[in-house]
Amino acid sequence: MSDVRAADYVGFETGTDDAAERERFAAIVEHLRPECERVIAQYEDARSALLPILHLFQNEQGWVSPAALRACAQLIDVPLSVVESTASFYTLFFRRPVGRYMLQPCRGVACIIRGAEEQMAHFRERLGIGHLETTDDGLFSYEEVECLAACDRAPCMQVNLEFVYDLTNESIDAMLGEMRAGTCAIARRTQTSPPRRTWIIQQDSGKKSAGAQDVLSPDDPGGIGDRSGKDMLRRIERDPELLLARPTRERLVRDGVAILDGEAEKH
Ligand code: FES
């Protein structure tokens, strides 16, 4: 593991060479170092420890600061670009300070079919903020995210990375009420830096992801506006039978070659 020194973090988080900031972050690294070492030792390749280490920094700071990205790169000895591309790929990592509750409803096709559009509108109305925004009191941040792999309990969401299933407008109101009252079972996030009203993801390509083909701005929530989602809904309108369960053919993948069941013996 690379030696991580306080001097490596001068001004990284604040954009200045603020000595107090530098000291604060150095203390965080020292505090996390034993746990990082324990995690890294579990893997043959230190690079495999990247996600858990990012989580350690995020839990400590409430977000993954630029200084934390750099520290992770040094701890596992990979280029900063590897850490940045990993952290920016997952909506599990917050690259800006966020609210005490990070609300991430799913905007994937299964959730949309089960009414997520209505619930997303409900969230926006109740919170008074939109996609990638934080309430002025710093309590809630809101981000509509891609499929959370819990399609069987759609519409669903993550709150501070914990799953909440089978959303209804009523369950959302109850949950927000508990969060405001401080009685919610999901713990509030650590908040070491005040969040801004919005966090904008700078991107040159003009498109958010391969799936968001009709979404021109990287900060546009997309969702039902995605071409792939629209195509799917059109197909379901034409043929509602598509929604009925039917047997599927199991697929084996061997050496990168897909083999349909029943045909496996021939190969
Ligand atoms: S589409 Fe929402 S969890 Fe899969």
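**Exercise 1. Which hand, left or right, does the crossing of H3 and H4 have?**

*Solution.* The structure is a predicted model. Two packed helices are described by the angle between their axes and the distance between the axes.

Step 1. Locate the elements: helix H3 spans residues 66–76, and helix H4 spans residues 80–89.

Step 2. Take the geometry. The axes of H3 and H4 lie 8 Å apart, and the packing angle is about 125°. H3 is therefore oblique to H4, given that angles from 65 to 115 degrees count as roughly perpendicular and those over 145 as roughly antiparallel.

Step 3. Assign the hand: H3 and H4 form a right-handed crossing.

**Exercise 2. Determine which residues form the contact of H3 with H4, and classify them**.

*Solution.* Step 1. On the H3 side, the participants are Leu69, Arg70, Cys72 and Ala73. On the H4 side, they are Leu80, Val83, Glu84 and Ala87.

Step 2. Sorting these residues by class gives 6 nonpolar and 2 charged, with no polar residue.

**Exercise 3. Describe the packing of H2 against H3**.

*Solution.* Step 1. Helix H2 covers residues 50–61, and its axis comes within 10 Å of that of H3. The two axes cross at roughly 145°, and the crossing of H2 and H3 is right-handed.

Step 2. H2 contributes Leu50, Ile53, Leu54, Phe57 and Gln61 to this contact, while H3 supplies Ala68, Ala71, Cys72, Leu75 and Ile76.

Step 3. The class count for the contact of H2 with H3 is 9 nonpolar, 1 polar and no charged residues.

**Exercise 4. Characterise H2 by its span, its buried residues and the residue that follows it**.

*Solution.* Step 1. H2 has 12 residues. From first to last C-alpha, H2 reaches 17 Å, close to the 16 Å expected at 1.5 Å a residue.

Step 2. The buried residues of H2 are Leu50, Ile53, Leu54, Leu56, Phe57, Gln58 and Gln61. Their packing partners are helix H1 (19–41), H3 and H4.

Step 3. Gly62, just after H2, adopts a positive phi of about 90°.

**Exercise 5. Place these helices in the context of the whole chain: how many helices and strands does the chain have, and what share of its residues is buried?**

*Solution.* Step 1. The chain comprises 8 helices and 7 strands.

Step 2. Of the 267 residues in the chain, 30% are buried.

Step 3. Among contacts in the chain with a separation of 6 or more, 58% join residues 24 or more positions apart.

Key:
Residues numbered from 1 in each chain as written. Predicted model: local features only at pLDDT ≥ 70, side-chain atom pairs only at ≥ 80, totals over all residues. Axes fitted to C-alpha atoms, helices over the stretch in contact; angles between N-to-C directions. Helix = DSSP H or I, 4+ residues; strand = E, 2+ residues; numbered from the N terminus. Parallel < 35°, antiparallel > 145°, perpendicular 65-115°, else oblique. Left-handed = near helix turned anticlockwise from the far one by under 90°. Contact = placed C-beta atoms within 7 Å. Nonpolar A, V, L, I, M, F, W, Y, C, P; charged D, E, K, R; others polar. Buried ≥ 20, exposed ≤ 12 C-beta atoms within 10 Å, placed from the backbone. Expected span 1.5 Å × (residues − 1).
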